[in-house]
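Colleague: I should be grateful for a close look at a single part of this model and at the elements around that part. Please give one connected account rather than a list.

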Amino acid sequence: MKIESRIEELGIELPAGSAPAAMYVPLVQTGNLCFVSGQIPKTADGLITGKVGDTRTLEEASAAARVCVINALAALKAHLGDLDRVKRIVKLQAFVASKTGFDQQHIVTNGASELLFDIFGEAGRHARTAVAVNQLPMDATIEIEFIVEVE
């Protein structure tokens, strides 16, 4: 199955890769591993901001996690040229801006994990970390980084 065809079937349009907002690169490849820098939920309509359990609901934050995946895939496509080169999603790390007492970061992160499975099937299953943070850059609701094995 062509990954980009699967993305289209799911009604997803990958944005153009965006330039970093500070002194870093969007992705570093070493050998057959790509380390994708943290992606925030930025869309054509703007950045999804606010803390979960305060100004953002669990459902809104989960949708923001999906946006982070889409942005990461755009960075991968810009680097690889073809997402069919992705062999496996190895690890996902999610940082969820959370109100004190909110303890469902793992559920928020499921939005990202489920989308990766929908796109890549078994190769989209990954190890992961989901943690609460007090604040993210630009007041983003979530930031997600990836380690991806490529061919």
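Modeller: Nine bridges join E5 to E7, and the two strands run antiparallel. This is a predicted model, and the pairing of E5 with E7 serves here as the point of departure. Within this pairing, phenylalanine 95 stands opposite glutamate 143 of E7, while lysine 91 faces isoleucine 147 of E7. E7 also pairs with strand E2 (residues 33-39), again antiparallel, through five bridges. There, valine 36 has phenylalanine 146 of E7 as its bridge partner.

These pairings belong to an open sheet of five strands, in the order E1-E2-E7-E5-E6, with mixed pairing. Its edges are strand E1 (27-30) and E6, each of which pairs on one side only. From one strand to the next, the twist averages 15°. E7 itself is mostly covered, seven of its nine residues being buried.

Which strands does H3 lie across? The helix lies across E5, E6 and E7, and runs at about 160° to E5. Helix H3 comprises 16 residues (residues 105-120). At 1.5 Å a residue, it should therefore span 22 Å, and the 23 Å between its end C-alpha atoms agrees with that expectation. The helix is nevertheless bent: a kink of about 30° is centred on glycine 111.

Gly111 is also one of the buried residues of H3. The others are Gln105, Val108, Thr109, Ala112, Ser113, Leu115, Leu116, Ile119 and Phe120. In an α-helix there are 3.6 residues a turn, so residues three or four places apart point the same way. The positions of Val108, Ala112, Leu115 and Ile119, all among the buried residues, may be read with that spacing in mind.

What covers the buried residues of H3? The cover includes three strands, namely E5 (86-97), E6 (127-133) and E7 (142-150), together with two helices, H1 (3-9) and H2 (58-80). E5, E6 and E7 thus appear twice in this account, as the strands that H3 lies across and as part of the cover over its buried residues.

The end of the helix completes the description. Phe120 is buried, and just after H3 glycine 121 takes a positive phi of about 65°. Glycine is accordingly found both at the centre of the kink, as glycine 111, and just beyond the helix, as glycine 121.

Key
Residues are numbered from 1 along each chain as its sequence is written. This is a predicted model: local features need pLDDT of at least 70, side-chain atom pairs count only at pLDDT 80 or more; totals for chains, interfaces and linings use all residues. Side-chain values use heavy atoms; hydrogens and water are left out. Helices (H or I, at least four residues) and strands (E, at least two) are DSSP runs, numbered from the N terminus. The expected span of a helix is 1.5 Å times one less than its number of residues. The bend at a residue is the angle between axes fitted to the seven residues ending there and the seven starting there. Buried means under 20% relative accessible area, exposed over 50%, partly exposed in between (1.4 Å probe, protein chains only). Contact means heavy atoms within 4.5 Å. Two strands pair if DSSP finds at least two bridges between them. Axes are lines fitted to C-alpha atoms, for helices over the stretch in contact, and angles run from 0 to 180 degrees between N-to-C directions.
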